[in-house]
Amino acid sequence: MGAARRILTNTIDLPDDALLDRLQRAAFAYFDRFNNAENGLVADTSRPNSPCSIAVVGFALSCYPIAVRRGWLRRRAAAHQVLATLQFFAGSAQSEQPDKTGYKGFYYHFLDMQHGRRVWQCELSLIDTALLLAGMLTAALFFDGEGTEIELRAVAHALYSRVDWTWALNGGDTLAQGWRPETGFLHYGWEGYNEATILYALAIGSPTHPLPATSFAKWTFTYQWENLLGIDTLYSGPLFTHLFSHAWIDFRGIRDQFMRGVDSDYFNNTKSAIAIQREYAARNPHGFIGYCRDLWGITAGDGPRNHEKVLTPRDRRFYGYMSRGAPYGPDDGTLAPWAMLATVPFEAAAALAGTRHLLRRYPEVCIEDRFSSGFNPNEVERDAPWLSEGWYGLDQGLLVMMIENYRSGFIWDLTRGSSVIRTGLSRAGFSGGWLDDAP
Amino acid sequence: MLPEERDPAAGHGQAAFLERVRPSDWRTPHARALYDLVIVGGGPAGHAAAIAARALGLSVALIERDRLGGNSLNKGSVPSKALVRSGRALEAIVNSQAFGASAVGDPLADIGLVMQRMCRIRTRIAEHWSAKGLAATGVDVFFGRARFMDETSVAVDAAQLRFKKALVATGAQPRRSEIAGLEDVGHLTSATLFHLQSMPKRLAVIGGGPLGCEMAQAFAHMGSKVTILQDEPKFLPQEERDAAEILSLSLARAGVDTRLNTQITAARRANGEKIIDANNVGVEYSIAVDEILLSIGRVANTDDLNLDGAAIDRTECGDIRVDDYLRTSNADVFAAGDVCMPHKFANIAEATGRMAVHNAFGGEPQRHGALIIPRCTFCDPEIAHVGMHIWDAHREQIPVKTFTVMMQDTDRAIIDGRDDGFVKIHVKDGSDEIIGATIVASRASEMINEIAVIMHGKIGMRALATVMHTYPAQSDAIRMAAQAYVKSLRLRRP
């Protein structure tokens, strides 16, 4: 803790841009440190024997262009790394057999780092495949040069084009959320707003197996425009659901049918979600330690599992890895220390003030300038707040992208030029803003 | 331990109960040559219809095959809510230290005492349904199995009752399961649950609908180790996500082991235990329990009625098919309550019973689709709803905005230490018309009635915001939602 405090004392003294640069670069370093350079797979977490998460690979592929732009990585080396990753997926086994890498162009959520085979009997994941593909397409947009980069683009588009989105409808109007070779399609009963907008944009924009354009309207059927804590919002509790699709897509000024009806857009809705988190933290109904307008970030993440001890006679419990949300809950006082900073493109002042407050008060959440997945000051271990071990790749990737979108709008500029994203969003009913401009 | 005939009410008011709902010395009335109305079923729908018809001066016969009062009194709302209350009393003791009580031990539920209390309550409420009370209003009450003879007459035992109009209000019964081995292993349903004579140490509840959730939580509060298994991704599939998720957390807090997305593949016995084999999205496992409660919905009671003989159609799911005016395919026969309504609740049964009489005898036709129906699941917190859900409004292309107040921001809820939940009021956007509401709160069952009155009286959000409520009160959250509406109007103005 002493080392962490010393490093952060330096970090926190930096002006905003230098602070962001340092934290962004440290976050990016995760991909260099916890990957398999041969096949491009990246570990879900920094913990020993962690498998690869395909979503983390998607973030990594999106971050290599940022690293090139920032001068942290040579373009050629980055292109080689991206191509190696794409070639792994292109060459990996796709079949109904339970130990392969994917099926119908989709991929299993978790793969073993060495050979890329399915682990943990996990599901063929639609949303995680979408995040992986978003990374592939982002890299293909950036690497627009000759030689290796030609091949890179060709493989990326081939991988995207082979995904059989219509199969994943399973005869219904909206996508299943997953599939297992043992039991078939999975329906988690998703209802209301969540992180899946990019999934639908990619699926509807496919040149080969597109979903019907109406599927997005069906998907949004349970959306609820709500005045909550005095703030108008399309509610979703976990903060990450307001960020994931936005890491790639600039939602400023573009609106689908739902947002036209309520005279808003998804970018402003994320601002509302931030306002709700801050208001909730200020009201702090459960009296959790630390919560205030400058300390929030209730989202999906690690928690003090195995500590299901009673805090009060109301039998309040801590949770392990869980999707937390505010104000409906669940909320056990666990905060994701990366989450405030990940909102920097939406509410820079709040994100930076919150992050600086966090670093001053709980410097131990940012070891080696890299944020942990979660901490909980209500659960004290060895005189320190409970802290999630190591780092999670998703958190790091999201931070790299969101800081870049704040600093330069780089990823958003790239994807505004994507015919896939433009086609998908337009078919899904989005219009206005940059969608009305020529690419 | 569970045969239906071993009703624990025996010795605890059972005689008085039966005296009211199925008198042993009942003298079957002489049947008239022709009744204005013959009612089949003496539950909430049939009873309400009989009273309404007599108020119009009509001749009425009512046939009940078992006990008056229907599912609600005998096997449904009344006994289940009595158990819920016992569970809450025990839970309150466990949590009493938070309110200043000195250290208390773990109270143990005595299932015998719990059931005796339930029986006393049931007997007391049964007076409302009594055969003698009904007969005193001029209704001819027949006990026995009814069977349509043709399109204009019903037989009950030896008597044949001819009618001008008839009402089928035979209610519903627990849906049977096709789980392999479950019938052989033995299980409880709402029809047999209230005959329990010992507290199951380990109880499995199959089904995450209202009764399943209520009983899972109540038995957990009373000390059982409860596992609830639901094949869908959430509990209370008919309610919205935010309500169902609060319930999931609440069940977990009560110690209930919740298993969603779980298919039950078989039930069997091993080593004197009941074993349930289950599959959760590909992961197979087994759990051992002492009792199994099956609560997977209810199906209409239509067997033995010879509906075909009276030209009365059924829907694919077995309910009697009615139009919006409760008329069956036989123009002289109406239906009401659980036997025909998709939502099988006592308040709907009672309302549709009255409505059927009104429509059958020349009143200005009333549509059951226009009913404002409040309903509640009596878990802690309670989950209540009235009117439209968001998806109903979207289906009808009604633009809607929801005004939400969290109970954690409501003074009375904070004071009571009961601050889980919310009030959500759905408003037709561009107006102040309330089209529906969901309330999750410790007294949501009472609060939702305020919304029902507001909707019935067509009181808008502007007026509601000015209505003074007692302070502090849980229902103040309703007024606060209306004030949020008024505030949003001010913000909207340029």
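This is a short walk through a predicted model, one selection at a time.

Before you click, some housekeeping: local features need pLDDT of at least 70 and side-chain atom pairs count only at pLDDT 80 or more, while totals for chains, interfaces and linings use all residues. Residues are numbered from 1 along each chain as its sequence is written, and chains are lettered from A, with ligands numbered from 1, in the order in which they are written.

**Stop 1: where the chains meet.** Select chains A and B together. Here 30 residues of chain A are in contact with 30 residues of chain B (contact means C-beta atoms, placed from the backbone, within 7 Å). On the chain A side, strand β10 (residues 225–228) gives the most, with four residues. That side holds 10 nonpolar, 12 polar and eight charged residues; Ala, Val, Leu, Ile, Met, Phe, Trp, Tyr, Cys and Pro count as nonpolar, Asp, Glu, Lys and Arg as charged, and the others, Gly among them, as polar.

**Stop 2: across to β19(B).** Now add residues 400–406 of chain B, strand β19, which runs parallel to β10(A) and is joined to it by three bridges. Strands are DSSP E runs of at least two residues, helices are H or I runs of at least four, and both are numbered from the N terminus; two strands pair if DSSP finds at least two bridges between them. Pick Leu228(A) and you will find Thr404(B) opposite. Thr404(B) also stands opposite Lys424(B) in β20(B). Strand β20 (residues 422–428) of chain B runs antiparallel to β19(B), with seven bridges between them. Six of the seven residues of β19(B) are buried, so this strand is largely enclosed by the rest of the structure (buried: 20 or more other C-beta atoms within 10 Å of the residue's own, with C-beta atoms placed from the backbone).

**Stop 3: helix α10(B).** Move to residues 346–360 of chain B. Its end C-alpha atoms are 21 Å apart, which agrees with the 21 Å expected for 15 residues at 1.5 Å a residue (the span is 1.5 Å times one less than the number of residues). Buried residues number 12 of the 15, so α10(B) is largely enclosed too; among them are Ile348(B), Met355(B) and Asn359(B). They pack against elements of chain B including α2 (44–55), α4 (77–94) and β6 (159–168). Just after the helix, click Gly362(B), whose phi is positive, near 85°.

**Stop 4: domains of chain B.** Finally, colour domain 1 (14–87 + 110–173 + 299–370), domain 2 (182–297) and domain 3 (381–492); the bounds come from an automatic or database domain assignment. The C-alpha centres of domains 2 and 3 of chain B lie 32 Å apart, and their contact takes seven residues from domain 2 and nine from domain 3.

Conventions: Contact = placed C-beta atoms within 7 Å.
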